[in-house]
Amino acid sequence: MNLILLGVPGSGKGTQAKLISKKYNIPHISTGDIFRTKSHKKVIAKYVTKGILVPDKIVLEIIEERISRPDCRSGFILDGFPRNINQAQSLDKYLNSKNKIINKVLYFKLPIQSAIKRLTARRICPICSKNYNLISEPPQKENICDSCNVSLTQRTDDTIKTVKKRLTVYTQNTKPLILYYKNQNKLRELNADKPVNNVFQSI
Ligand code: AP5
């Protein structure tokens with residue numbers, strides 16, 4: 001099963017992708033996570049920190065290389081890709097050349113105000129990378145990682161200013177993909193404004 005998770009930043013794509021990946025043993029491919037790795041950070045930080053899209057050429061090269069690896073043979077979950085019509089068309093073209101298709105696109109519906117609350121409340125442990133959320137998943141001690149006992153940090157693009165920019169970029173570039181995949185009869189909508197386990201049940 002080749003899946004795409006689509007939705008506004010903060011709608012829970014990454015959270016649910018990890019759960020699906022674990023349950024069904026298919027790789028979770030997050031372009032955001034790839035861009036935050038040491039090897040890509042330097043070149044790409046100027047886009048990510050401003051909340052704007054990384055140029056398509058760079059993203060497409062990375063995705064094609066990643067989904068051509070053997071672990072993707074029986075399926076993959078794309079989280080954060082595609083993010084505009086050009087990326088979606090290029091993906092279709094690439095998969096077509098490999099006799100593959102996207103089977104389903106899960107569209108996570110979440111009001112913008114809830115997305116803003118979730119993103120600005122996200123915190124991360126700089127050592128073990130565990131994700132916390134000050135509202136839905138707070139650490140036991142204020143701002144301290146439960147396992148590593150160090151202060152939590154915030155993603156550079158989770159500040160209110162950059163979150164607003166990311167949401168604008170989503171509306172302008174990514175939202176048109178809803179219709180793109182609806183027209184292919186691949187879109188399945190789900191209410192993402194529920195606790196993590198309930199969203200997973202719906203999936
Ligand atoms: P990326 O890392 O993909 O960020 P995003 O799409 O903005 O998504 P997030 O990871 O912030 O949100 P999410 O929907 O995955 O939610 P999550 O589960 O994390 O991209 C970052 C940047 O990289 C982009 O801005 C761009 O610059 C670049 N980029 C990436 N892909 C690109 C591409 N294809 N082309 C060009 N540029 C690209 O959850 C968020 C928070 O909510 C967490 O704290 C979580 O604990 C909490 N939460 C999750 N689910 C729930 C729930 N059900 N209830 C309560 N809280 C919840």
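The following conversation goes through helix H1, a pocket beside it and several loop residues of a predicted model.

Biologist: Before we start, what kind of model is this?

Modeller: This is a predicted model.

Biologist: Let us take H1, then. How far apart are its end C-alpha atoms?

Modeller: They are 16 Å apart. Helix H1 has twelve residues, 13-24, and at 1.5 Å a residue it should span 16 Å, so the two values agree.

Biologist: Which residues of H1 are buried?

Modeller: The buried residues of H1 are Lys13, Gln16, Ala17, Ile20 and Ser21. They cover an arc of only 140 degrees around the axis, and therefore lie on the same side of the helix.

Biologist: And on the other side of H1, are Lys22 and Lys23 buried or exposed?

Modeller: Lys22 and Lys23 are exposed there.

Biologist: What covers the buried residues of H1?

Modeller: The cover includes four strands, namely S1 (2-7), S2 (28-30), S3 (76-79) and S4 (104-109), together with helix H9 (196-202).

Biologist: What happens in the backbone just after H1?

Modeller: Asn25 follows the helix with a positive phi of about 55 degrees.

Biologist: Changing topic to pockets: what is the volume of the second largest pocket?

Modeller: Its volume is about 240 Å³.

Biologist: Which residues line the second largest pocket?

Modeller: The lining consists of Met1, Leu3, Ile20, Lys23, Tyr24, Ile26, Lys104, Leu106, Phe200, Gln201 and Ile203. The elements that give two or more residues to this lining are H1, S4 and H9.

Biologist: Which element gives the most to that lining?

Modeller: H1 does, with three residues. Ile20 is among the pocket's lining residues, and Ile20 is also one of the buried residues of H1. Lys23 lines the pocket too, although Lys23 is exposed.

Biologist: How many residues of each class are in the lining of the second largest pocket?

Modeller: Eight residues are nonpolar, one is polar and two are charged.

Biologist: Now another helix. Which residues of H6 are buried?

Modeller: In H6, residues 112-120, the buried ones are Ser114, Ala115, Ile116 and Leu119. These residues pack against strand S5 (122-124) and helix H7 (160-174).

Biologist: On to the loops. Where does Ser74 lie?

Modeller: Ser74 is in the loop between helix H4 (56-67) and S3. With a relative accessible area of 59%, Ser74 is exposed, because over 50% counts as exposed.

Biologist: What does Ser74 touch?

Modeller: Leaving aside residues up to four places away in sequence, Ser74 touches Met1 and Ile26. Met1 and Ile26 are both among the residues that line the second largest pocket. Ser74 and Asn2 are 72 residues apart in sequence, yet their C-alpha atoms are 8.0 Å apart in space.

Biologist: Is the peptide bond from Phe81 to Pro82 cis or trans?

Modeller: That bond is cis, with omega near -5 degrees. Pro82 is found in the loop between S3 and helix H5 (85-97).

Biologist: Which phi does Asn99 have?

Modeller: Asn99 has a positive phi of about 60 degrees, although it is not a glycine. Asn99 lies in the loop between H5 and S4, and at 75% relative accessibility it counts as exposed.

Biologist: What about the phi of Asn185?

Modeller: Asn185, again not a glycine, has a positive phi of about 60 degrees. Asn185 sits in the loop between helix H8 (176-183) and strand S7 (187-191). Its relative accessibility is 58%, so Asn185 counts as exposed.

Terms used. Residues are numbered from 1 along each chain as its sequence is written. This is a predicted model: local features need pLDDT of at least 70, side-chain atom pairs count only at pLDDT 80 or more; totals for chains, interfaces and linings use all residues. Side-chain values use heavy atoms; hydrogens and water are left out. The expected span of a helix is 1.5 Å times one less than its number of residues. Buried means under 20% relative accessible area, exposed over 50%, partly exposed in between (1.4 Å probe, protein chains only). The arc is that of the directions from the helix axis to the C-beta atoms. Contact means heavy atoms within 4.5 Å. On a 1 Å grid over the protein atoms alone, a cavity is a set of points where a 1.4 Å probe fits but cannot get out, and a pocket is an open set with protein on both sides within 12 Å along at least five of seven lines; lining residues have an atom within 4 Å of a point. Grid points are joined across faces, edges and corners, and a volume is the space filled by probe spheres set on the points. Ala, Val, Leu, Ile, Met, Phe, Trp, Tyr, Cys and Pro count as nonpolar, Asp, Glu, Lys and Arg as charged, and the others, Gly among them, as polar.
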